[in-house]
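This report looks at how strands, cores and surface are arranged in one protein model. Please keep the sequence and the structure in view while reading.

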Amino acid sequence: MKKLVYFFLLIGLLACSQQNASSTFKSAFNGKFLMGTALNLDQIWGRDTLGIQLTKKQFNSIVAENCMKSMYLQPEEGQFFFDDADRFVKFGEENGMAIIGHTLVWHNQAPAWFFIDEKGQDVSREVLLERMKNHITTVVSRYKGKIKGWDVVNEAIDGDGNFRPTKFHQIIGEDYIKYAFLFAQEADPEAELYYNDFSMADEDKRNGVIAMVKTLQWQGVKVDGIGMQGHLIMSGPSIDEFEKSIVAFSELGVKVMITELDLSVLPIPKPNIGADVTANFEYMQEMNPYAEGLPDSVLQVQQQRYVDFFRLFLKHTDKIDRVTFWGVADGDSWKNDWPVHGRTDYALLFDRSHQAKSAVADILKMAKKR
Ligand code: G3I
């Protein structure tokens, strides 16, 4: 009789451990791809205890939403501020997480001084290259051996597939991208080096990024991965177009990552604004239809769309190295304030009370079957 009790106890324990083994994103996707989230300062400094608990439970990779951007790390020339970034990296190390550096070269949130001289005129190509080299070398060297990979260059290709006419491009030329990758590799040869951008399912953007990466590879530049930001809306992009980009980028011989996943349920003021942070629009009530709560009918459609995208990601675990959400819970999401300030969005998979939405269970079940 005793043996029978032990037998059923053992079965029960096994079932529980199996259940636990796939009851979180990081365990369900173990061996498939890393699951990550972006952290804000409240989470990095432990003030958001629920957000931190959820992060530790669900994710095995983290990226700093803002504090590792150049305007925060080097607000004045030669004056670096590393307190927030150091704390972020320490949190990742303490919790055995893959730490992603975001981002070394981006035209947005670069400090104003970066491109001008003391008279306010554009600096020369040589000066800007030197400033870029100093920033990248100082930052990457500081975290050498601690960062799995860096978003070396962010959003350098425009919607038409050409180089975005940023100050980096105007002053240095298109080879600023090559130099950014070379400087990063020199500072930490072991770190993976990524190119990251939004609207990567759009054909012109896809082809522009492919052409750029092929040129870098032809020049012998180390590019380890391409980040597809994944800022989705209810009406697009299609699974098919997104899949075309996953396959096409992978065929370059680089890792593919979904780097800033969220799925806004709100109307957009105009089509094709992608995730260009410079776009912002007047607040209008009709642009904020769910301030009092999200109708179940809308929630179901959004949750199904999340499941459909994770079905696609699971189909390509041989190509995808990481899926990172751009925020922990709905209240953290940048989408509450972009492209219209002061809205109530529901873009992530954990609600404002940090409770999992229905798609989480469906996604975990799907992952377990693979
Ligand atoms: O920290 C200040 C705060 O002191 C001040 O009171 C407040 C008032 O404006 O601004 C706060 O800074 C804001 C910062 O987020 C931190 O919250 C900036 O104004 C705001 O512009 C900044 O927005 C960030 C945005 O990048 C701007 O670059 C978003 O949080 C962040 O989610 C977003 O992330 C980008 C990725 O880095 C690249 N891909 C697109 C993605 C979405 O735009």
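The text below describes a predicted model, beginning with a strand and its partners and ending at the surface.

Strand β1 (residues 34-39) has 6 of its 6 residues buried, so this strand is largely enclosed by the rest of the structure. In a regular strand the side chains alternate between the two faces of the sheet. In β1 both faces are covered, with Leu 34, Gly 36 and Ala 38 buried on one side and Met 35, Thr 37 and Leu 39 buried on the other. The strands paired with β1 are set out here.

| Strand joined to β1 | Bridges and direction | Bridge pair |
|---|---|---|
| β9 (residues 320-325) | 4 bridges, parallel | Gly 36 with Thr 324 |
| β2 (residues 61-64) | 4 bridges, parallel | Ala 38 with Val 63 |

The largest nonpolar core has 98 residues, and those with the most contacts inside this core are Phe 25, Met 68, Phe 310 and Phe 313. Apart from that core lies another one, of 12 residues, among them Tyr 194, Phe 198, Met 257 and Ala 279. Leaving aside residues up to four places away in sequence, Phe 310 touches Phe 29, Met 35, Leu 261, Val 323, Phe 325, Ile 363 and Met 366.

Asn 108 belongs to the loop between β3 (98-105) and α7 (125-142), and Asn 108 counts as buried because its relative accessible area of 11% is under 20%. With residues up to four places away in sequence not counted, Asn 108 touches Asp 276, Val 277 and Thr 278.

At the surface, Leu 4, Phe 7 and Phe 8 make a nonpolar patch of about 330 Å². Leu 4 lies in helix α1 (residues 2-21) and is partly exposed, with a relative accessible area of 47%.

Note on methods: Residues numbered from 1 in each chain as written. Predicted model: local features only at pLDDT ≥ 70, side-chain atom pairs only at ≥ 80, totals over all residues. Heavy atoms only, no water. Patch = residues over 30% accessible without salt bridge, like charges linked within 9 Å, V, L, I, M, F, W, Y side chains within 5 Å. Areas by Shrake-Rupley, 256 points an atom, 1.4 Å probe, with all protein chains shown as cover. Salt bridge = Lys/Arg side-chain N within 4 Å of Asp/Glu carboxyl O. Helix = DSSP H or I, 4+ residues; strand = E, 2+ residues; numbered from the N terminus. Buried < 20%, exposed > 50% of the residue type's maximum accessible area, 1.4 Å probe, protein only. Contact = heavy atoms within 4.5 Å. Core = buried A, V, L, I, M, F, W, Y, C linked by side-chain atoms within 4.5 Å. Pairing = 2+ DSSP bridges.
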